[in-house]
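Good morning, colleagues. Please turn to the structure on the screen, and I shall begin with one local detail before moving outward.

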Amino acid sequence: MKRTIISALFLLTVTAMAVAGPLPASRGGQPITVKSNELSADSRNRTATFSGKVTARQGDLTIYSDRLIVHYRDDGGDVEKVEAVGNVKIVQGNRLATAKEGVYYNTEQKIVLSGDPKVYQGENMISGKVITYFVNEERSVVTGGGDSRVEAVIHPTDKGKNGGTKR
């Protein structure tokens, strides 16, 4: 069970890194520390649930949520998906992702942020109804819906500040 939880946390960390950016070579061997008010494991339903001010940290990457649920497959303990629920915040350097819920789907290798999702890098920000990141393809899709439209706020770099007439 301990090995499965560690594997799940590793996958969660990889998930968060995919949202936050590439993994620095120095982080790979660093320990993962998870703190929560409670951990409950349910073998019958193949889940492990961390709850209460959950913090998962590896190197410069930190994931915060109210609850973290790891779902395992029927056939041997591999992780099927990892859900971070409530006040989800993923922080790495100047990159930040926030949402009400974040789900990592292992088979599809994708991360879905929903519930007012926003991703910030420095002053730049993108938001929508759902932000989906396809890990292996290194691409993302931001969709709007209902009253929620896709919004991007991009701050130009300083390169064009001196007149900007060169073309």
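Let us start at a turn. In this predicted model, strands β3 and β4 form a hairpin with 2 residues between the strands, and Gly59 adopts a positive phi near 60° there. The two strands of that hairpin, β3 being residues 47-58, are antiparallel and share 10 bridges. As a reference point for the register, Thr47 faces His71 of β4.

Strand β4 also has a second partner. It is joined by 10 bridges to β5, residues 79-92, again in the antiparallel sense. Here Tyr64 is found opposite Lys89 in β5. How many residues of β4 are buried? Of the 12 residues in this strand, which spans 61-72, 9 are buried.

I now turn to the aromatic side chains. Searching the whole structure for aromatic pairs returns 0. Charges over rings do occur, however. Arg139 is placed over the face of Phe134, 4.2 Å from the ring centre. In addition, the charged end of Lys110 lies over the ring of Tyr105, at 5.6 Å from its centre.

Finally, the chain as a whole. The protein chain contains 1 helix and 12 strands, and the helix comes before the strands when one reads from the N terminus. Of its 167 residues, 37% are buried. The exposed surface is about 10,300 Å², with carbon and sulfur atoms contributing 48% of it. Among contacts with a separation of 6 or more, 36% link residues 24 or more positions apart.

That concludes my remarks. Thank you.

How values were computed:
Residues are numbered from 1 along each chain as its sequence is written. This is a predicted model: local features need pLDDT of at least 70, side-chain atom pairs count only at pLDDT 80 or more; totals for chains, interfaces and linings use all residues. Side-chain values use heavy atoms; hydrogens and water are left out. Buried means under 20% relative accessible area, exposed over 50%, partly exposed in between (1.4 Å probe, protein chains only). Helices (H or I, at least four residues) and strands (E, at least two) are DSSP runs, numbered from the N terminus. Two strands pair if DSSP finds at least two bridges between them. Rings of Phe, Tyr and Trp (its six-membered ring) pair if their centres lie within 6.5 Å; planes under 30 degrees apart count as stacked, over 60 as edge-to-face and the rest as tilted. A charge sits over a ring if NZ of Lys or CZ of Arg is within 6 Å of the ring centre and within 35 degrees of the ring normal. Contact means heavy atoms within 4.5 Å. Accessible areas come from the Shrake-Rupley method with a 1.4 Å probe; for residues, only the protein chains shown count as cover.
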